[in-house]
Amino acid sequence: MNAAPPSPVQERTLLTRVRRMASLIPTPWLITAGGAVLLAATAAFGGLQTVSPKPAPAVSVGERYSGSDLQMTVQGVELRAERGNAASFPDKEKHEKVLAVIVDVVNTFGKPRLATGSGSPSPAVDGIHVEGIDEKPLIAYADGSDGRVWLQPGVPVQLVLSWVVGPDELHDGDEVRLTLPDSTHSVGTNVQRGVDIWDEVVVGATLTATVREIPASEEDAL
Amino acid sequence: MKKVLPWLLTLVLLAGAWVQNAVALPDGSSEASFLTPATVGHAATARNLTLTVTDVRAARSITDPTGRTLESTWVVVDVDAEAIDSQYGATLGFAELTVGERTFRATERVQSFFRQRLVPGVPRSGAVAFELPADALKGTGTLRLGIPSDARYDGLVELTIDLSDIPVEDAITLPTTHWTHT
C-alpha cells in the first residue's frame, strides 16, 4: 500500500474516512470473502448433492388422478381365470391368467385421442404400469365394444388394461404397485406440424391395490 | 429531392410489409383441407367423394346392425356416399364433429358406415355415430366428412348443424350399410 499520507488540507469528513478505510482492505481478501460466501450458500442449500425429485403422490383405488390431459380412476385390479372383455388371451393349457386393471378414463383434451401411445413409457392410458411387468398392457372397452379405443373429449369410458401372467405369479390378496403417467403437451412443427404430442413422460402418481382373484366359472373348468 | 427520397422509400416499404402481413394466411394454411360446404339433403363433392347427408339425429341409445346397444349421448348422421373415379383407398375414413372447442371422431364402438369402402358410381348408404358428453347437445356443430384419415391437403365436405334443434330420441337403430336403392 502506498496510500499518500493525509494531507492537512483534506477535511476529515465521514466520507473520506470510509473511503480511506476501504482502500486499506487488500483486494485478495475481498475475493476470498466472496468465495467463502458462495461456498457457504451452496453448502446451506445442500451442496453439490443430487436433488432427489419430488416423489409422485400416491392415489388410492377409486380416487381420480389427472395427468397427460386425462382423468384416470383405477377401479380395481383383478386376476382373471377367464379373460372376459380383456384383450389378452391367456393360454389355458399353461394355466395362464389375465391380470386386469379396470380404469375409468375421461379425455380432458379437446380432440379425440387413442388410449394407446407410441413409445415407452407411453403418455396415454397404456402408460399405466404394474411394477414387475415390463410389457405395455393391451386395452379394451370394459363393455366389450369393438375397435381401437378412441377417447372422445369429455366422454367417460371404462377400460380394461390387461396382461397375461403365469399361473403362480400373482395370487388373491397380493398387493401390486401401479404407476400412472404424466406428460407435457406440445404441438409439433415441420413435418409434424399441428400434431399434438405428449412427451417428457414421468410417473405422475403411484397406486397400491389388492389383487382380487376371479376364478373360472364352473362350466368353463370342465 | 435527395432528402425526401429515402423517407418515401421507407414509407413504401413499410406499407408493403404491412399489406403482406395483413393478407398472409395463418401458419399451416398450405396443408389445410379443401372444404366443400354442404347442407342436409344436398349432394356435395370433395375430390374422390360425392356425399349427401340425408339426416342428422340424436339419441340416448343406439343399436347397431349386429344388435349391440350402447347407452350414451349420440349424434347419428345418415349418409349416402360414393367414390367418383377410383375405388383404391376409398373409404369413408374421416368423420369429425366439432362442437365449440371440442372435436369428436365418429365412433368405432358400433358397426357403422365409418371406415367402410366406397365404390365409384354406386352409392352406398348408412350412418355414422358420434359419442358426445351428455351436456354437449347444444349450439352449432361443424360436421366434416371425407375419405382421408389424415385430412391435410385433401378434400372434405363440411356441414354446419344446429345441435339444439335436433330432437333427442330414446333409441336409434343404425341402418345396415347397403347399396342405395333409388
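The following exercises, each with a worked solution, concern a predicted model with chains A and B.

**Exercise 1. Establish what confidence the predictor assigns to chain B and to the complex.**

Solution. Begin with the chain: chain B has a mean pLDDT of 93, and 99% of its residues reach 70 or more. Then turn to the complex, for which the predictor gives an ipTM of 0.86 and a pTM of 0.82.

**Exercise 2. Describe the extent of the interface between chain B and chain A.**

Solution. First, count the participants: 18 residues of chain B and 18 residues of chain A take part in the contact. Second, consider the area, since the size of an interface is often given as the accessible area lost when the parts come together. Between chain B and chain A about 1500 Å² is buried, and carbon and sulfur atoms give 44% of that area. Third, identify the principal contributors in chain B: R105(B), E108(B) and R109(B) lose the most area to chain A, and together they account for 36% of what that side buries.

**Exercise 3. Characterise the polar interactions across the interface and the side of chain B that touches chain A.**

Solution. Start with the ionic pairs: the rule finds 3 salt bridges across the interface of chain B and chain A. One of the salt bridges joins the side chains of D143(A) and R109(B), with an N to O distance of 2.6 Å. Next, take the polar contacts, of which the rule finds 6 residue pairs across this interface, both residues being at pLDDT 80 or more. Then locate the elements: β6 (102–105) and β7 (124–132) of chain B each give two or more residues to the side that touches chain A. Of the elements, β6(B) gives the most, with 4 residues. Finally, classify the residues on this side of chain B: 5 are nonpolar, 2 are polar and 11 are charged.

**Exercise 4. Decide whether T73(A) and L30(A) are buried or exposed, and place each in its element.**

Solution. T73(A) belongs to strand β3 (residues 70–80) of chain A. Its relative accessibility is 10%, under the 20% cut-off, and T73(A) therefore counts as buried. Setting aside neighbours within four places in sequence, T73(A) is in contact with G62(A), E63(A), R64(A), I102(A), V103(A) and D104(A).

L30(A) lies in helix α2 (residues 27–44) of chain A. Its relative accessible area is 56%, over the 50% cut-off, so L30(A) is exposed.

**Exercise 5. State how far apart L30(A) and I139(A) are in sequence and in space.**

Solution. In sequence, L30(A) and I139(A) are 109 residues apart. In space, their separation is 66 Å, C-alpha to C-alpha.

Technical notes. Residues are numbered from 1 along each chain as its sequence is written. Chains are lettered from A and ligands numbered from 1 in the order in which they are written. Side-chain values use heavy atoms; hydrogens and water are left out. Contact means heavy atoms within 4.5 Å. Buried area is the accessible area (1.4 Å probe) that two parts lose on being put together, summed over both. A salt bridge is a side-chain nitrogen of Lys or Arg within 4 Å of a carboxyl oxygen of Asp or Glu. A polar contact is a pair of N or O atoms within 3.5 Å; within protein, one must be able to donate a hydrogen and the other to accept it, and residues adjacent in sequence count only if both atoms are side-chain atoms. Ala, Val, Leu, Ile, Met, Phe, Trp, Tyr, Cys and Pro count as nonpolar, Asp, Glu, Lys and Arg as charged, and the others, Gly among them, as polar. pLDDT is the predictor's confidence in each residue, from 0 to 100. Buried means under 20% relative accessible area, exposed over 50%, partly exposed in between (1.4 Å probe, protein chains only).
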